[in-house]
Amino acid sequence: MSTAPVIVDVRGIHKSFGAHPVLRGIDLQVRAGEVTVVIGPSGSGKSTLLRAINHLEKPNRGSVSIDGELIGYRRRGDKLYELKEREILRRRTRIGFVFQNFHLFPHLTVVENIVEAPISALRRPSGEARERAHALLARVGLSDKADAYPRQLSGGQQQRVAIARALALDPQVLLFDEPTSALDPELVGEVLDVIKDVARAGTTMIVVTHEIGFAREVADTVVFMDDGVVVEQGPPGDVLDHPRHERTKAFLSKVL
């Protein structure tokens, strides 16, 4: 069992939208350098969990800590108080987020998209940020696209830029929300290859995906969610090949 420190610590997260509960008391710990892949049917709460970790969704109850620091809140005694937006943004820079639909700024070039957050949020010098951006573009195989605009790129290229943008913050953890679901099938492989490369570099990652083969190859831990709860979790060989719960078995029988 890994002795690396816990980087992501999710404790008792509940989230409802109106009268509809989406997360029903999620506990999740991810250690440094580990890849956790979250699978489950649509509507099971996977994306909401990621957004709660990043405080893009405010939990109704529970807390999230990144390397021991609460995200979104300050604790006083036994109570949590929400931080001001500026402090939330500062703490959020510790978390890289790659969205399903890229979320690139259409009016900025590729390199401008990558340097925007390091310069504005981390106050890095422009020259340093641009040097880092070009190195990251080389890493994701897009050195020749630095001055292109998002509309000039394929979906796979846009998602690789989004990964480079997330890495530019040097985050302690990277969150991926269905990173290939908006792509044409022939473009999925190029994005998964980049994510695998990031994983091999020892980046702490939580990936929500329907790509079971990717989960089997890359994950240290697979988490199966359904109806807002963690039904089962463990090494991919256990969860994917020898699931214990009937809900897990029923889901995998439809996707494998």
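This is a short tour of a predicted model, with one selection to make at each stop.

**Stop 1: the annotated stretch**

Start by selecting residues 8-252. The UniProt record, an unreviewed entry, places the feature "domain: ABC transporter" there. Colour this stretch by secondary structure and you will find 37% helix and 28% strand. Now pick the C-alpha atoms at its two ends: they are 27 Å apart.

**Stop 2: the largest pocket**

Next, select Arg 92, Phe 99, Ala 117, Arg 165 and Leu 169. The largest pocket holds about 550 Å³ of space, and of the 20 residues that line it, these five are the closest to its centre.

Which elements give two or more residues to the lining of the largest pocket? Show helix H2 (85-92), strand S8 (95-98), helix H3 (110-120) and helix H5 (155-167), and you have them. Helix H3 gives the most, with four residues.

Try colouring the lining by residue type. You should see 11 nonpolar residues, six polar ones and three charged ones.

Where does the largest pocket lie with respect to domain 1 and domain 2? Give one colour to domain 1 (1-93 + 172-196 + 203-255) and another to domain 2 (103-169). Both domains give residues to the lining, so the pocket lies between them.

**Stop 3: the largest nonpolar core**

Keep those two colours and select Val 37, Ile 39, Ile 114, Ile 163, Phe 176, Ile 195 and Met 205. The largest nonpolar core has 51 residues, and these seven touch the most other members. Now highlight helix H6 (residues 185-200), which supplies the largest share of this core, eight residues. Domain 1 and domain 2 both give residues to the core, so the core lies between them.

**Stop 4: two residues with positive phi**

Select Phe 102, in the loop between S8 and H3. Its phi is near 75°, a positive value in a residue other than glycine. Is Phe 102 buried or exposed? Its relative accessibility is 11%, and buried means under 20%, so Phe 102 counts as buried.

Then move to Glu 178, in the loop between strand S9 (173-177) and H6. Glu 178 also has a positive phi, near 45°, and is a residue other than glycine. With a relative accessible area of 14%, Glu 178 is buried.

**Stop 5: three partly exposed residues**

Begin with Ser 16, which sits in strand S1 (residues 6-17). Ser 16 has a relative accessible area of 29%. Partly exposed covers the range between under 20% and over 50%, so Ser 16 belongs there. Measure across to Ala 52: the two residues are 36 apart along the chain, and their C-alpha atoms are separated by 11 Å.

Follow H6 onward to Gly 202, in the loop between H6 and strand S10 (205-208). Gly 202 counts as partly exposed, at 39% relative accessibility. From here, draw a distance back to Arg 92, the residue you met at the pocket. Gly 202 and Arg 92 are 110 residues apart along the chain, with 20 Å between their C-alpha atoms.

Finish at Asp 227, in the loop between strand S11 (221-226) and strand S12 (229-234). Asp 227 is partly exposed, with a relative accessible area of 42%. How far is Asp 227 from Tyr 73 in space, C-alpha to C-alpha? Draw the line and you should read 26 Å, for a pair that is 154 residues apart in sequence.

How values were computed
Residues are numbered from 1 along each chain as its sequence is written. This is a predicted model: local features need pLDDT of at least 70, side-chain atom pairs count only at pLDDT 80 or more; totals for chains, interfaces and linings use all residues. Side-chain values use heavy atoms; hydrogens and water are left out. UniProt positions are given in the numbering used here, feature names are shortened, and annotations may be inferred rather than shown by experiment. On a 1 Å grid over the protein atoms alone, a cavity is a set of points where a 1.4 Å probe fits but cannot get out, and a pocket is an open set with protein on both sides within 12 Å along at least five of seven lines; lining residues have an atom within 4 Å of a point. Grid points are joined across faces, edges and corners, and a volume is the space filled by probe spheres set on the points. Ala, Val, Leu, Ile, Met, Phe, Trp, Tyr, Cys and Pro count as nonpolar, Asp, Glu, Lys and Arg as charged, and the others, Gly among them, as polar. Domain bounds come from an automatic or database domain assignment. A nonpolar core is a set of buried Ala, Val, Leu, Ile, Met, Phe, Trp, Tyr and Cys residues joined through side-chain atoms within 4.5 Å. Buried means under 20% relative accessible area, exposed over 50%, partly exposed in between (1.4 Å probe, protein chains only).
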